[in-house]
Amino acid sequence: MTIATTFPLSFDVTPSTAQRATAERDAILADPGFGKHFTDHMVSITWTIDGGWHDAEVLPYGPLSLDPAASVLHYAQEIFEGLKAYRHADGSIWSFRPEANSRRLRRSATRLALPHLAEEDFVESLRQLIAADGSWVPSAPETSLYLRPFMIATESFLGVRAAQKVGYHVIASPAGAYFASGVTPVSIWLSTNYSRAGKGGTGAAKTGGNYASSLLPQQEAADHGCAQVLFLDSVEGVYLEELGGMNVVLVYKDGTLVTPESDSILEGITRDSILQLAEDRGHKVERRRVRLDEWVDGVASGDITEVFACGTAAVVTPIGRLIGEGIDVGSADATAGELTMSLREELTGMQYGRVPDRHGWMTRLDR
Ligand code: PLP
Ligand code: COI
């Protein structure tokens, strides 16, 4: 391999000699679950402080070879993204707002002292993987191919500073519903002992450490029969932030949608899109600090009529109940909110090509 930074990057392709047979792939696509199966190829690009981005490749999916001193393993210098490839009725393959994921990857890179990957190279890395593994994009309703780009510090050096060698990869995993229960209302556990992110920390970046710190409270959530954990702000412990892996939106009976604003939560692309669709319909949208009391009191008084979680993996999932120490709001067998489901339908309609893409959010990947 030659080290040469070109823009845009050009990719070498090494086809896998162990591609799954059609029958095996079809069996996986018939019941993909979430994050359990991976396609036949992956993307790999290397960055060095002297050579910039180079050695862009599509290669057979398989283990990465890392030096045990690679700084990602010690200091968690890593970032990732999550987006989906959708198959339309005519067989074409599309992604939703990939330039927004690319921008967020660069924002995360800035916070984690990692290099920026140009938008053109980011989108091309997705196209390259789809060129190799397009047959892995399922076509059943509500299924997709989840794309997971990530960047890791690969330099072997135990001193604590930004790595001078970095790997960017994209892997892909066929996906059905994130929650085993599908699109029925889920229960959420309010974590009062743990925060996800602190003031000035990495909460707004999509970086593994935020998820590592959510795992114990997420386990607590599961122990209480809940699908996700809700975090409050780490300073006063009274303002809503987000769930372990998705944003949260409250719907008032007058049709106003309210979502927490904070510099320590991940700015979700699904949330932004849903709120835009609601604004298009004439709904008022408020992005502001939201006290936990507002949720509890609003549900009790009937002012808040729906609450939902949203994110790439979860799409839009109704929240039926919130429980925590001394708190029990809503009901586990609540029915899904009408606005929640109709916004979900419109969003997925655009993603799957059933509804006109009036915002220019779709990018074709299979050419
Ligand atoms: N918040 C967290 C912590 C997430 O992991 C995600 C999922 O990516 C989101 C919010 C929603 O972001 P998006 O809609 O861009 O997937
Ligand atoms: C996503 O929605 O892409 C995420 O990264 C969240 C995780 C729950 C899978």
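A residue is called buried when its relative accessible area is under 20%, exposed when that area is over 50%, and partly exposed in between. With that in hand, welcome to this predicted model.

**Aromatic rings**

Let us begin with Phe34. Its relative accessible area is 23%, so Phe34 is partly exposed. The model holds eight aromatic pairs. In one of them, the ring centres of Phe34 and Tyr146 lie 5.1 Å apart with the planes at 65 degrees, so the pair is edge-to-face. This contact joins distant parts of the chain, since the two residues are 112 residues apart. Phe34 belongs to the loop between helix 1 (22–30) and strand 2 (41–48), while Tyr146 belongs to strand 7 (residues 144–153). Tyr146 has a relative accessibility of 8% and therefore counts as buried.

Another edge-to-face pair is made by Tyr178 and Phe179, with ring centres 5.2 Å apart and planes at 80 degrees. Here Tyr178 is partly exposed at 35% relative accessibility, whereas Phe179 is buried, with a relative accessible area of 8%. Ring pairs tie Phe34, Tyr146, Tyr178 and Phe179 together in a cluster.

**Charges over a ring**

Which ring has the charged end of Arg289 over it? That ring belongs to Tyr239, and the charged end of Arg289 is 3.8 Å from its centre. The charged end of Arg291 also sits over the ring of Tyr239, 5.7 Å from the centre.

**Salt bridges**

Side chains of opposite charge can pair when their charged atoms come close. In this model the count of salt bridges is 20. Here are some of them, with the distance from N to O.

| Basic residue | Acidic residue | Distance |
|---|---|---|
| Arg287 | Glu279 | 4.0 Å |
| Arg354 | Glu345 | 3.7 Å |
| Arg358 | Glu346 | 3.0 Å |

How open are these partners? Arg287 is partly exposed at 37%, and Glu279 is partly exposed at 34%. Arg354 has a relative accessible area of 51%, so this residue is exposed; its partner Glu345 is partly exposed at 48%.

The salt bridge between Arg358 and Glu346 links distant parts of the chain, twelve residues apart. Glu346 lies in helix 8 (338–351), and Arg358 lies in the loop between that helix and strand 18 (362–364). Arg358 is partly exposed, with a relative accessible area of 44%, whereas Glu346 is buried at 14% relative accessibility. Both residues also take part in a network of salt bridges that includes Asp280 and Arg281.

Methods: Residues are numbered from 1 along each chain as its sequence is written. Chains are lettered from A and ligands numbered from 1 in the order in which they are written. This is a predicted model: local features need pLDDT of at least 70, side-chain atom pairs count only at pLDDT 80 or more; totals for chains, interfaces and linings use all residues. Side-chain values use heavy atoms; hydrogens and water are left out. Rings of Phe, Tyr and Trp (its six-membered ring) pair if their centres lie within 6.5 Å; planes under 30 degrees apart count as stacked, over 60 as edge-to-face and the rest as tilted. Helices (H or I, at least four residues) and strands (E, at least two) are DSSP runs, numbered from the N terminus. Buried means under 20% relative accessible area, exposed over 50%, partly exposed in between (1.4 Å probe, protein chains only). A charge sits over a ring if NZ of Lys or CZ of Arg is within 6 Å of the ring centre and within 35 degrees of the ring normal. A salt bridge is a side-chain nitrogen of Lys or Arg within 4 Å of a carboxyl oxygen of Asp or Glu.
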